[in-house]
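Biologist: I am new to reading models of this kind, and I would like you to take me slowly through a single part of this one. Please explain each term as you come to it.

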Amino acid sequence: MPFARLATATTPTCHIGLGLAAVGRPGYINLGRDEDLGEDRSIEALRARTHELLDAAYAQGVRYFDAARSYGRSEEFLAGWLQARPGVDDVVIGSKWGYTYTAGWSTDAETHEVKDHTLATYERQRAESDALLGDRLDLYQIHSVTPDSPALTDKELHARLAEAAAQGLTVGFSTSGPAQADAVRAALAVTVDGEPLFRTVQSTYNALETSAGPALAEAHAAGLTVIVKEGMANGRLAGAQAPDVLKEIAGRTGLGCDAVALALILRQPWAGVVLSGAATTAQLASNLHAAAVDLDDDQLDRLASLAEEPRVYWERRGRLPWH
């Protein structure tokens, strides 16, 4: 397991990763993105921004970097950063397949990405990822598995993924939607020749959406590394957008709402890596302060009151515009 590399790290930020969803393409659904990125969203501008973020993250102890085929040019940007820094050999690199980026570097495309979990898509996108990342790719995840995903029942796909695992690639999956817990449990039951197929799971979990928690605890108990995404609910738990309870607790800690939101996740005993989705180095620095936040029982109880019904949460997320 490549994540064993993190076990030898001594920095408190080693269990915070950097996700590249917000900087690998000009459009995304995070709130406040217009201010974060400004008007210049050219390929070169976002390449430079991504490299700046990767440099800052690495310098501050971050050792997991997360991309996807559908995150525009995120794999390309990450590959270029790795090639320019051959001495960086202690990081874990993850990517995902299953969505195809279709926006053509536009922020107002009618469709930004198309989901397809078939074997044909896996083979095409695996070749694309390999062409960019080669043997630096440690983890390849099925992107946004839901309980009805054909990736959960396609035996031929499972066999091909098991072949990749036998050759040294870690195979995982991510989840989304109000039935994340069901998707996690269904994936845990997938085996090839009697052996579990998946070694990692990446799910949405934050102060507003906690429904996957018990299933993620089960995944952790089964030996999977748990990666948490969208810890700030696409910006709903950061800055001016944050609920008053979160603002008040953050004020008492002297740190940002984002740091408190991520600290809540880091407290979960099953959380292996918690992703920052920072779009600026200032956001990243603030996110990384999560490792220093100490929450008492009263504060934890108050934060627990923020949880929404999963369907309500995901319906609201689905209405977020692409900026």
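How many disulfides does the count come to? After that, please look closely at the closed barrel.

Modeller: This is a predicted model, in which local features need pLDDT of at least 70 and side-chain atom pairs count only at pLDDT 80 or more, while totals for chains, interfaces and linings use all residues. Residues are numbered from 1 along each chain as its sequence is written, and side-chain values use heavy atoms, with hydrogens and water left out.

To take your question before the barrel, a disulfide is counted here when two cysteine sulfur atoms lie within 2.5 Å, and by this rule the count comes to zero. Cys14 has a relative accessibility of 4%, so Cys14 counts as buried, and Cys257 is buried as well, with a relative accessible area of 10%. Buried means under 20% relative accessible area, exposed means over 50%, and partly exposed lies in between, with a 1.4 Å probe and protein chains only.

Now to the barrel, which is closed and has eight strands in the order β1-β2-β3-β6-β7-β10-β11-β12, with parallel pairing. Neighbouring strands of this sheet are turned by 25° against each other on average, direction ignored. Strands (E, at least two residues) and helices (H or I, at least four residues) are DSSP runs numbered from the N terminus, and two strands pair if DSSP finds at least two bridges between them.

Strand β1, residues 16-19, is a good place to begin, since it pairs in the parallel sense with β12, residues 273-276, over three bridges. Here Ile16 stands opposite Val274, and Gly17 stands opposite Leu275. With β2, strand β1 pairs in the parallel sense over two bridges, and there Leu18 stands opposite Phe65. Ile16 and Leu18 point one way from β1, Gly17 and Gly19 point the other way, and all are buried.

Going on around the barrel, β2 and β3 run parallel and are joined by three bridges, with Gly94 in β3 as the bridge partner of Asp66. In β3, six of the six residues are buried, so that both faces are covered, with Val92, Gly94 and Lys96 on one side and Ile93, Ser95 and Trp97 on the other.

Helices also pack against these strands. The buried residues of helix α4 (74-84), among them Phe77, Leu78 and Trp81, pack against α3, β2, β3, α5 and β6. Helix α7, residues 180-188, lies across β6, β7 and β10, running at about 160° to β7; such angles run from 0 to 180 degrees between N-to-C directions, and the axes are lines fitted to C-alpha atoms, for helices over the stretch in contact.

Helix α5 (119-133) and helix α6 (155-166) pack at about 25° with their axes 9 Å apart, and that makes α5 roughly parallel to α6, a label for angles under 35 degrees, whereas those over 145 count as roughly antiparallel, 65 to 115 as roughly perpendicular and the rest as oblique. In this contact, Leu119, Tyr122, Glu123 and Arg126 in α5 meet Glu156, Leu157, Arg160, Leu161 and Ala164 in α6, contact meaning heavy atoms within 4.5 Å.

Finally, two loops lead into or out of the last strands of the list. Trp270 sits in the loop between α10 and β12, and is buried with a relative accessible area of 6%. Trp270 touches Tyr205, Gly213, Leu216, Ala217, His220, Val226 and Val228, not counting residues up to four places away in sequence; Val228 is 42 residues from Trp270 in sequence, while the two are 9.9 Å apart in space, C-alpha to C-alpha. Glu230 lies in the loop between β11 and α9, where it is buried with a relative accessible area of 14%, and its phi is near 55°, a positive value in a residue other than glycine.
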